[in-house]
Amino acid sequence: MEMFSVSDIDVEGESGHFEIKVNNSPLKFLIRNSSGNFYQLDCNYTLFAPNYPMSGFIPEQDWFDIGQIYSQFSNWLKDTVKEYFDEMLLPDHWQQLNAEKTIISGAEINSDDISKFSANEKQQLKLSINEFRLLILKTYRPTPDEIKVIDSRLEYLAESLERLNKIDWRGLAISTVMSISIALSLDTEKGKLLFGLFKQVFAKVLQLLQ
């Protein structure tokens, strides 16, 4: 399938102008001729913003030549079209979260359990958090900057054992795994693997929390 389609359109009641559309998207780039000079042009294009508004015809008080139109179109491809498709290709992290959150669901921790962790439970969970960290480093080989983010998230999760009850900690654990997945820019399949590693590490210790 062609990525673009081009058609002649009427602009403000005048014919002879044309529109370049990105197929199966809200994106379009309009080119308009001056009524008095075929070589004078302006353009109006979709912006990469909520609801995809149009820029309005530019330049406002003058005209572009064809070279300037090419330049505007090239910038639009880089700034809008590329951003749009990059966004479309990103994994849906929230959908992934909903699909995988059963790893620490009520089957492992009673959803009504608002008790605090015992000293033994805290110790076991901290050991599991450290093991989870080592598996992440071995599996994904993160950059130094990514390691800083991972360590920050896991340290906060460990510290929260001192103040959160079991059900609140469970929710924080879910969001922690998700934030690490996002920090590592994992696609859906690699994100599932990350949740699988978490389940693998915490499976035994979570049985203590029933």
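1. Let me start with Asn24, which sits in the loop between β2 and β3. Its phi is near 60°, a positive value in a residue other than glycine. Since this is a predicted model, you may like to look at Asn24 in the viewer yourself. Is Asn24 buried or exposed? Asn24 counts as exposed because its relative accessibility is 67%, and the cut-off for that class is over 50%.

2. A second residue to set beside it is Arg141, found in the loop between α3 (119-140) and α4 (144-159). Arg141 is not a glycine, yet its phi is positive, at about 45°. With a relative accessible area of 70%, Arg141 is exposed.

3. On the backbone there is one further point, about Pro59. The peptide bond leading from Ile58 into Pro59 is cis, and its omega is near 0°. Pro59 belongs to the loop between β4 and α1.

4. Thr46 is in that loop too, between β4 (37-45) and α1 (66-89). Why does Thr46 count as buried? Its relative accessibility is 0%, and buried means under 20%, so Thr46 falls in that class. The side chain of Thr46 reaches the backbone nitrogen of Lys28 at 2.9 Å. Lys28 is part of β3 (28-34), so by the 3.5 Å limit for polar contacts this distance lies within range.

5. Which residues surround Thr46, once those up to four places away in sequence are set aside? Thr46 touches Pro26, Leu27 and Lys28, then Tyr52, Pro53 and Met54, and also Trp76 and Thr80.

6. Val81 makes a good companion to Thr46. Val81 is placed in helix α1, and at 4% relative accessibility Val81 counts as buried. Leaving out neighbours within four places in sequence, Val81 is in contact with Met3, Val22, Leu27 and Trp76. Leu27 and Trp76 also appear among the residues that Thr46 touches. From Val81 to Leu47 the C-alpha to C-alpha distance is 9.1 Å, with their places 34 residues apart in sequence.

7. Next, the largest pocket, which holds about 190 Å³ of space. It is lined by 12 residues, and Phe18, Ile31, Asn33, Leu41 and Ile66 are the closest to its centre. Where does the lining come from? At least two residues each are supplied by β2 (14-22), β3 (28-34), β4 and α1. Of these, α1 gives the most, with four residues. By residue type, the lining has 10 nonpolar and two polar members, and no charged ones.

8. Finally, the chain as a whole. The protein chain has six helices and four strands, and along the sequence they follow the pattern β-β-β-β-α-α-α-α-α-α. Of its 210 residues, 41% count as buried. The protein chain exposes about 12,600 Å², and carbon and sulfur atoms supply 51% of that area. How much of the contact set with a separation of 6 or more joins residues 24 or more positions apart? Such pairs account for 57% of those contacts in the protein chain.

How values were computed:
Residues numbered from 1 in each chain as written. Predicted model: local features only at pLDDT ≥ 70, side-chain atom pairs only at ≥ 80, totals over all residues. Heavy atoms only, no water. Buried < 20%, exposed > 50% of the residue type's maximum accessible area, 1.4 Å probe, protein only. Polar contact = N/O pair within 3.5 Å; in protein donor to acceptor, adjacent residues only side chain to side chain. Contact = heavy atoms within 4.5 Å. Areas by Shrake-Rupley, 256 points an atom, 1.4 Å probe, with all protein chains shown as cover. 1 Å grid on protein atoms, 1.4 Å probe; cavity = no way out; pocket = protein on both sides within 12 Å on 5 of 7 lines; lining within 4 Å. Points joined across faces, edges and corners; volume = space filled by probe spheres on them. Nonpolar A, V, L, I, M, F, W, Y, C, P; charged D, E, K, R; others polar.
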